[in-house]
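User: I would like a close look at a single part of this model, with the surroundings brought in only afterwards.

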Amino acid sequence: MSGSLLSTAIWLIVFTAVPPCGAPESSVARRGNLRPVDRAGYRFERTPERIVSLNPDLTENVIALGAGDRLVGVSDFCPLPSAGTAVRLGGLQNPGLERILSLRPDLVLATREGNSPETVARLRTLGVEVCVFEEARDFTAYFSFLRDLGALLGREEAAAGRIGEMEAAIERVRSGPLPPEPVSVFVQIGLQPLITASRGTLIGEMVEIASGQNIAASLPARYPVFSREQVLIDDPEVIIVAAMGSEAAASAAFWERFSELRAVKKGRVHILDPDTVCRLGPRLVEGLERIAGFLAGGRGE
Amino acid sequence: MKRAGKRTVFFAVLLAALAAVTILALSRGTVSFSPGRVLQILRSGPGGPGEEPLDAVIVLRLRLPRVILGLIVGGGLAVAGVIFQGLFRNPLVEPYTLGVSGGAALGVSIGFLLGPGLPRFALPLFGFAGAWLAVSTAYAIARRRRFLRIPYLLLIGVMISFISSSLIMLLLSVADLHRFRAVIYWTMGSLDAADPFLLWFAVPVILLGSAAALTRAWTLNALELGEEGAAGLGVRLRRDQGRLFFLGSLLAGTAVAAAGVIGFVGLVVPHVVRLFLGNDHRLTLPASFLAGGIFLVFCDLIARTARAPAELPVGVVTGILGGSLFIYFLAAGRGRTGQ
């Protein structure tokens, strides 16, 4: 009885809050009825100087845009900026409201997927400016997120610079040594259960950019649990495992048992740091380049 | 005489269903093979690595372990349900009521937090240890010198279950949810064991445990008369009740460790079996073992084919199908006996 209650509760938490791949991603800024950037007719009177970020991806990008020193508080899972005086505020679902208020922030950054709407609503009733971002599911959305965040922070040029670098990297991959025919790929996000990524995820887009054909592309869920049988039947040329540590080792050992698979026979089961394909940040370029390398015929490691 | 005939028919139906569901589960999936081909594959057995045909690889190395795990876990949960319902003489008790699932989930959560560096098979072992700790605590508190206070045991077990659930929520609220993913999927239950170690662990334990439960069927029958009645028949209450309690916990804990928290099998299957066979535990124990396995394998078949190549959590299917089936059987049974 309590077992099923427990799993129901956990289901609710997880499927409303966490995409299985990485921490919640984020994108186009929206702020209740107000958009934070000028093209929606709203602009902060002044550039925020005391920022609280409740999401690791947001924190990472604030730092990447060179505004890390303006962070005064971040969630427990965020990277701590090297400059500045940011303190930790608690988890993503239940950050300490009093703590946040006591920091006197002039801007709180949150994501729709990663933070509870109640937290956002409470903060707003308490008179705190909250900017809620949406999950970025592809590069285009990530770039527009970066632009919005840059505008919000008064770091438009830094944002444009980052976007330019990444667009150049994508262009390099597109025009680089790609396989002549699309290479069939299975993307493994989790081993047990076997979770994959469909189209509509960053890693799915990377596979497509690198001229790969994701065998799970057409599934409706973004990170569905996938049938192991189907992997054997589709017999992909490349298997990409986004995992670290013992999960990566166990995954490699698992696929090794199916020596009939082309990818196993030819040593094309590749391990990839999930942070380079799930975390919205500069390392996405690294992930994309490695995937392109795998598909172009790089050997497994 | 008529009753004995009905029982024979019921067991015959169970065995036929077992054969049918096994063949069906081995032949259906994201691709289907003919039952004849499946039997041929089973007869010829595993070939050398790299030379097996694809259908043999799928049947022998993906579906067969899953079917075996389903039969064993379903059977173990159902037998644990029979034991607990008999021991507590309470039809709402199921294997998880006493904190087995809560304790196991807590164990897995802690194991997971201790480090992603742990080997993979450590997670089920943590689950097993957590389940064992939860039920042992309940037992130790409920025990008095010559008694095992059964109603206390139930209450304390339920409380420990709640405490475990809350502790998991606590861990969830302070931990990185994303890194908790493995725990979360684990609590949903799955027969998709990537690791053959689980089979080697669960199959002997649950088979032996179920056999041991069968040798205690008489005690369970005697307990139907109430504690005093059972004592009058020579049941040594504390010892025998304690053994039953740990036997049920061992079965449930092993099932949970191997396949996560799969609900409903342990609650519903014993009831359905009793509707057909009555209350004699010498019959309901083996029948529940078979019926639990059949039911779980069938639910897993639905879970992996309904939206193939995506898979549903098997607990979703057991809950919906099990609940509906039970209401149906209950309503039909009442109609028949005119109650």
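User: Which residues does A291(B) touch, not counting residues up to four places away in sequence?

Analyst: This is a predicted model, and what follows should be read in that light. Once residues up to four places away in sequence are set aside, A291(B) touches L14(B), A78(B), V269(B), V272(B) and V273(B), where a touch stands for C-beta atoms, placed from the backbone, that lie within 7 Å of each other.

A291(B) belongs to the largest nonpolar core, which holds 147 residues, and it is listed with V187(A), I240(A) and V73(B) as the residues that touch the most other members. The greatest contribution to this core comes from helix α3 of chain B, residues 54-88, which gives 19 residues. Apart from this core there is a second, separate one of 35 residues, with V52(A), V108(A), F145(A) and L149(A) among them. As a general background, nonpolar side chains in soluble globular proteins tend to be buried together.

Turning to the chain that carries A291(B), the secondary structure of chain B consists of 14 helices and zero strands. Of the 339 residues in chain B, 51% are buried, and among its contacts with a separation of 6 or more, 77% join residues 24 or more positions apart. The C-alpha trace of chain B spans about 65 × 60 × 35 Å along its principal axes. Its radius of gyration is 20 Å, which agrees with the value near 20 Å that a compact globule of 339 residues would have.

Chain A, which supplies V187(A) and I240(A) to the list given above, is built from 11 helices and 10 strands. Buried residues account for 50% of its 301 residues, and residues 24 or more positions apart make up 63% of its contacts with a separation of 6 or more.

Chain A is also divided into domain 1, residues 18-168, and domain 2, residues 179-295. Between them, 17 residues of domain 1 of chain A are in contact with 19 residues of domain 2 of chain A. On the side of domain 1 that touches domain 2, the elements giving two or more residues are α2 (56-64), α5 (139-153) and α6 (156-175) of chain A, and α2(A) gives the most, with four residues. By residue class, that side of domain 1 of chain A divides into eight nonpolar, three polar and six charged residues.

Conventions:
Residues numbered from 1 in each chain as written. Chains lettered and ligands numbered in written order. Predicted model: local features only at pLDDT ≥ 70, side-chain atom pairs only at ≥ 80, totals over all residues. Core = buried A, V, L, I, M, F, W, Y, C linked by C-beta atoms within 7 Å. Buried ≥ 20, exposed ≤ 12 C-beta atoms within 10 Å, placed from the backbone. Contact = placed C-beta atoms within 7 Å. Domains from an automatic or database assignment. Nonpolar A, V, L, I, M, F, W, Y, C, P; charged D, E, K, R; others polar. Rg over C-alpha atoms; globule rule 2.2 N^0.38 Å.
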